[in-house]
Amino acid sequence: MASNSSAKDKLVIFDTTLRDGEQSPGASMTKDEKVRIAKMLEKLRVDVIEAGFAIASPGDFEAVKAVAEAVKDSTICSLARAVPTDIDRAGEAIKSANSGRIHTFIATSPIHMRYKLQMEPPAVLEQAIAAVKHARQYTDNVEFSLEDGSRSDFDFMCRIIEATINAGAGTINIPDTVGYGEPDEYGEMFRRVIENVPNSDKAIFSTHCHNDLGLGVSNSLSAVMNGARQIECTINGLGERAGNAALEEIVMAVRTRHDIYPVETQIELEHIVPTSRLVSSITGFPVQPNKAIVGVNAFAHESGIHQDGILKHRETYEIMRAEDVGWNTNKLVLGKHSGRAAVKARFDDLGISFESDEQFKSVFNRFKELADKKHEIFDEDLQSLIGHSDHTLADIYQFENMEILCKTGQSPHANLQLVVDGKATMTESDGAGPVDAVFKAIEKVAQSEADLKLYSVNAITAGTEAQADVTVRLESEGHIVNGVGADIDVVAASAKAYVQALNLLAAGKHKTHPQREGI
Ligand code: KIV
Ligand code: ZN
């Protein structure tokens with residue numbers, strides 16, 4: 001039976017791409033990258049953005065602070081362990097937010113309390129209450145999480161929830177930290193907790209599910225069916241190990257099955273795909289083609305029977321419309337004759353704005369270079385032009401041009417022209433393949449001794465004229481950078497990505513794993 005939309009509760013969407021998503025090995029982000037993603041999340045109308053873990057490192061503190069300053073419409077949150085030093089740092093980081101939240105947590109499962117915390121349950125209870133009271137000195141908006149909640153003792157959980165609500169927590173999160181939960185069991189736990197905790201009506205209950213068994217989204221939605229009204233999730237399901245519940249899947253499930261779910265979100269659906277692309281391009285984590293909602297095949301109907309059905313009546317095989325989530329919004333194809341105004345207008349439509357004329361000018365020049373090589377420029381190409389420009393970087397290395405000699409049965413040879421510190425420099429090398437030859441030639445000059453941690457290639461659009469989008473991840477002395485490069489020539493894209501990674505390392509614009517530095 002279809003439910004009446006006016007009777008629906010609000011489902012709070014809490015995005016933790018910048019915190020739990022960032023904890024995914026290799027996905028760390030710089031401050032500027034976090035601000036860019038946060039502004040996109042604001043446009044998406046995410047309710048709460050968890051911008052980082054302020055105590056984890058000076059870089060993470062600065063990033064939370066910068067997001068708090070840049071974003072006005074979403075609540076900005078910092079994570080903090082249930083200890084005063086963490087909470088003070090979180091309070092300081094969110095100070096300038098229009099609306100700020102402190103999210104404090106402590107583990108409550110027997111296994112975590114005994115082996116990790118080495119604390120008895122009464123001491124954990126006391127620490128949780130003290131943490132919430134301490135956080136309330138900074139903001140009225142305090143969330144308390146019972147880490148490893150889904151494996152915690154039910155009665156203890158109820159006691160700690162009642163006490164932390166009394167201490168001032170407005171949101172109670174019961175995470176499935178290790179992804180062990182199962183939908184019926186996890187949902188039932190929410191129902192029983194809400195029924196048993198006497199003051200449960202004074203708080204919003206939240207889910208936070210990891211995807212170790214591939215059940216993150218199912219578990220989150222089951223909790224919603226049993227009273228949860230906040231979901232913690234990430235773009236593209238990014239996150240530690242197998243990731244977190246994916247925002248786009250949750251939002252579209254709730255929207256598509258509004259006949260079932262008693263809630264609605266305020267998410268602006270058409271920004272889903274652009275946000276997914278931005279996160280993928282910044283982190284260097286490609287989206288698998290068959291990923292629900294944001295994978296390139298998510299709406300591609302190949303089978304003749306399906307295509308026939310869709311032509312006769314769209315709803316025969318389509319439960320959602322691709323354009324609703326931001327696919328194929330391209331009404332205008334751009335090319336080499338397109339002027340500044342048309343290009344600017346298209347960027348505006350995509351929700352991309354420029355901080356200065358200078359910034360737009362540099363992107364427009366790159367657009368013209370691309371349009372010389374490629375007939376039609378699609379939205380994805382424009383997004384890649386933005387994703388691949390870092391306007392604050394004073395480049396030490398610049399890629400100028402290259403010649404690659406390849407012959408079957410012989411080692412490829414690369415001749416490259418670079419500009420190093422303003423000076424034209426030639427370099428060359430053999431390699432196992434053309435990309436290997438290029439990287440070795442660049443290293444002859446740079447001698448960075450960095451380890452190549454990831455090399456990934458993606459086609460930005462379809463067809464052989466498509467640009468290749470290359471990510472090169474380098475690690476040097478514990479510092480990680482992701483260089484990105486796009487070009488219709490995959491080897492040139494690789495050279496650009498490698499050179500950008502070297503520039504990021506040289507400029508100290510590395511990403512640090514939040515839990516490797518400070519704590
Ligand atoms: O997975 C988890 O338990 C967490 C908490 C810190 C909320 O990320
Ligand atoms: Zn988590």
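Contact, on this tour, means heavy atoms within 4.5 Å. Keep that cut-off in mind as you click along.

This is a predicted model, in which local features need pLDDT of at least 70 and side-chain atom pairs count only at pLDDT 80 or more, while totals for chains, interfaces and linings use all residues. Residues are numbered from 1 along each chain as its sequence is written, chains are lettered from A and ligands numbered from 1 in the order in which they are written, and side-chain values use heavy atoms, with hydrogens and water left out.

**Stop 1: Thr 17**

Select Thr 17, in the loop between E2 and H1. Helices (H or I, at least four residues) and strands (E, at least two) are DSSP runs, numbered from the N terminus. With a relative accessible area of 0%, Thr 17 is buried. Buried means under 20% relative accessible area, exposed means over 50%, and partly exposed is in between (1.4 Å probe, protein chains only). Now show the surroundings of Thr 17: setting aside neighbours within four places in sequence, its contacts are Glu 22, Met 29, Cys 233, Thr 234, Ile 235, Leu 238 and Val 279.

**Stop 2: Arg 19 and Glu 50**

Next, pick Arg 19 and Glu 50, which form a salt bridge whose closest N and O atoms are 2.9 Å apart. A salt bridge here is a side-chain nitrogen of Lys or Arg within 4 Å of a carboxyl oxygen of Asp or Glu. Glu 50 belongs to strand E3 (residues 48-52) and Arg 19 to the loop between E2 and helix H1 (31-43), so the pair ties together parts that are 31 residues apart in sequence. Glu 50 counts as buried at 0% relative accessibility, and Arg 19 counts as buried at 8%. Add Asp 20 to the selection: salt bridges that share partners join Arg 19, Asp 20 and Glu 50 into one network. The whole structure holds 29 salt bridges.

**Stop 3: helix H9**

Move on to helix H9 (residues 247-256), which is mostly covered, with seven of its 10 residues buried. To see them, select Leu 247, Glu 248, Ile 250, Val 251, Met 252, Ala 253 and Val 254. Their cover includes strand E2 (12-15), helix H8 (216-225), strand E9 (230-233), strand E10 (263-264) and helix H10 (272-283).

Stay with Glu 248 and add Lys 291: their salt bridge has its closest N and O atoms 2.8 Å apart. Lys 291 sits in the loop between H10 and helix H11 (304-312) and Glu 248 in helix H9, so this pair links parts that are 43 residues apart in sequence. Both Lys 291 and Glu 248 are buried.

For another setting, select Asp 308 and Lys 312, whose side chains meet in a salt bridge (2.8 Å, N to O). Asp 308 and Lys 312 are four residues apart in helix H11, and so separated by about one helical turn. Asp 308 is partly exposed at 38% relative accessibility, whereas Lys 312 is exposed at 64%.

**Stop 4: the nonpolar cores**

A nonpolar core is a set of buried Ala, Val, Leu, Ile, Met, Phe, Trp, Tyr and Cys residues joined through side-chain atoms within 4.5 Å. Which members of the largest core touch the most other members? Select Ile 161, Ile 172, Ile 174 and Ile 272, out of 95 residues in that core. Helix H6 (residues 154-167) gives the largest share of this core, nine residues. A second, separate core of 30 residues includes Val 420, Ala 468, Val 491 and Ala 493.

**Stop 5: a three-stranded sheet**

Now display E11, E12 and E13, an open antiparallel sheet in the order E11-E12-E13. Two strands pair if DSSP finds at least two bridges between them. The edges are strand E11 (397-405) and strand E13 (423-430), each pairing on one side only. E11 and strand E12 (residues 413-420) are joined by eight bridges. Look for Glu 403 opposite Asn 415 in E12. Then add helix H15 (residues 434-446), which packs on the sheet, touching E11, E12 and E13, with its direction at about 135° to that of E13. Axes are lines fitted to C-alpha atoms, for helices over the stretch in contact, and angles run from 0 to 180 degrees between N-to-C directions.

**Last stop: H12 and H13**

Finish at helix H12 (residues 340-349) and helix H13 (residues 357-373), which pack at about 105° with axes 11 Å apart. H12 and H13 are therefore roughly perpendicular to each other, a label used for 65 to 115 degrees (under 35 is roughly parallel, over 145 roughly antiparallel, the rest oblique). At their meeting place, Arg 340, Val 343, Lys 344 and Phe 347 in H12 meet Phe 360, Lys 361, Val 363, Phe 364 and Phe 367 in H13.
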